[in-house]
Amino acid sequence: MDLGYSGRTAVVTGGSSGIGLATARLLLAEGARVAICGRDAGRLQAAAASLEGGDRLLAHRCDVLVREEVEGFAAAVAEWSGGAVDLLVNNAGQGRVSTFADTTDADWAEELRLKFFSQVLPLRAFRPLLDRAESPAIVGVNSLLAIQPEPHMVCTSAARAGVQNLLKSLATEFAPRIRVNSVLLGLVDSGQWQRRFEARDDRAQTREQWFGALAAKKGIPLGRLGRPEEPARAILFLGSPAAGYITGASLEVSGGVSRHI
């Protein structure tokens, strides 16, 4: 299926690793022009080198929690793209492991700020550029925790639920001009899980064994963690003209671990 990305411009926040990097790679393969950002200049440069996008790739250092930096990123994209953006992918950060009892007021404030403003600030900055596109779309990368909270991640679960409410509201407010959808992630192989594997107690366990045991412990029906390119494919579909009659939707990419109907 041709998703219709040829000649279109996409912006991916958190594009220097994991799902963001996989999304950028697939978008480039589909013929899109792609702008990515990340906080760490070294990681961003390495990501850009791995993508080999030529003049169809813009890599801009930006902390999505700093309004001035996000606005600077949007200005750079506007100059580079000619003023229009067809797709904004808001790729939020990792979760916080904590219960209510051990989550401080400062932890709550930090987590809520991270989850909400990593969405809000890019939405504000790129809205004018999206409005200039013919059929613009936004895809928010969220977590299954938004609808299936975990007690050991109480703070992140609450923040994710709020973000999901925000995206659903924006699907109505921005309609019919801009479509807004989300992906709800289960466990996806990432640097975070790699670091936990490297810190494992049983040093004889291979990576395959350790990740397999983790999937079994978490009760994932497909028996493994997701690969970054799997949610990336879902993001590409929801953000494409092929999904032109879909807005306000959430697509689970969780290996079947969700327990709700």
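Five aromatic pairs occur in the structure, which is a predicted model. One of them joins F73 and F126. The ring centres of F73 and F126 are 5.4 Å apart, and the planes meet at 75°, an edge-to-face arrangement. F73 belongs to helix 3 (residues 67-81), and F126 belongs to helix 4 (residues 105-131). The pair therefore ties together parts of the chain that are 53 residues apart in sequence. Both partners are covered. F73 is buried, with a relative accessible area of 1%. F126 is buried too, at 0% relative accessibility. Elsewhere, F197, W210 and F211 form one aromatic cluster.

Aromatic rings also meet charged side chains. The charged end of R33 sits over the ring of W80, at 4.4 Å from the ring centre. In a second case, the charged end of R127 sits over the ring of F174. Here the distance to the ring centre is 4.1 Å.

Strand 1 (9-12) is covered on both faces. T9 and V11 lie on one side, A10 and V12 lie on the other, and all are buried. This two-sided pattern fits a general rule. In a regular strand, side chains alternate between the two faces of the sheet. Strand 1 pairs with strand 2 (residues 33-38) in the parallel sense, over four bridges. Within this pairing, V12 has I36 of strand 2 as its bridge partner. The chain passes from strand 1 through helix 1 to strand 2, and this β-α-β crossover is right-handed. Strand 1 also pairs with strand 4 (residues 87-91). That pairing is parallel as well and runs over three bridges. A10 of strand 1 stands opposite L87 in strand 4.

Between strand 1 and helix 1 (18-29) runs a loop that holds S16. S16 counts as buried, because its relative accessibility is 14% and the cut-off is under 20%. Beyond residues up to four places away in sequence, S16 touches L21, C37, G38, R43, L44 and A47.

Helix 1 itself contains L28. L28 is buried, at 7% relative accessibility. Leaving aside neighbours within four places in sequence, L28 is in contact with V34, L51, G53, R56 and L57. L28 and E52 are 24 residues apart in sequence. In space, the C-alpha atoms of L28 and E52 are 9.2 Å apart.

A second parallel arrangement centres on strand 6 (residues 179-185). Seven of the seven residues of strand 6 are buried. Both faces of strand 6 are covered. One side carries R179, N181, V183 and L185, and the other carries V180, S182 and L184. Strand 5 (residues 137-143) pairs with strand 6 in the parallel sense over seven bridges. S143 has L185 of strand 6 as its bridge partner. Strand 5, helix 5 (residues 154-173) and strand 6 together make a right-handed β-α-β unit. Strand 6 also runs parallel to strand 7 (residues 250-253), and four bridges join strand 6 to strand 7. Among the paired residues, L184 has E252 of strand 7 as its bridge partner.

Helix 4 also holds Q119. Q119 is buried, at 1% relative accessibility. Not counting residues up to four places away in sequence, Q119 touches N90, A92, G140, V141, V163, L166 and L167. Several of these contacts can be placed on elements already described. N90 falls within the residue range of strand 4. G140 and V141 fall within that of strand 5. V163, L166 and L167 fall within that of helix 5.

Cysteines were examined last. A disulfide is a covalent bond between the sulfur atoms of two cysteines. The structure holds zero disulfides. What keeps the sulfur of C62 from bonding to the closest cysteine sulfur? That closest sulfur belongs to C37 and lies 4.5 Å from the sulfur of C62, too far for a bond. A disulfide would need the two sulfur atoms within 2.5 Å. C62 is buried, with a relative accessibility of 1%. C155 counts as buried too, at 0% relative accessibility.

Terms used. Residues numbered from 1 in each chain as written. Predicted model: local features only at pLDDT ≥ 70, side-chain atom pairs only at ≥ 80, totals over all residues. Heavy atoms only, no water. Buried < 20%, exposed > 50% of the residue type's maximum accessible area, 1.4 Å probe, protein only. Phe/Tyr/Trp six-rings, centres within 6.5 Å; stacked < 30°, edge-to-face > 60°. Helix = DSSP H or I, 4+ residues; strand = E, 2+ residues; numbered from the N terminus. Lys NZ or Arg CZ within 6 Å of the ring centre and 35° of its normal. Contact = heavy atoms within 4.5 Å. Pairing = 2+ DSSP bridges. Right-handed = clockwise from strand over helix to strand, strands pointing away.
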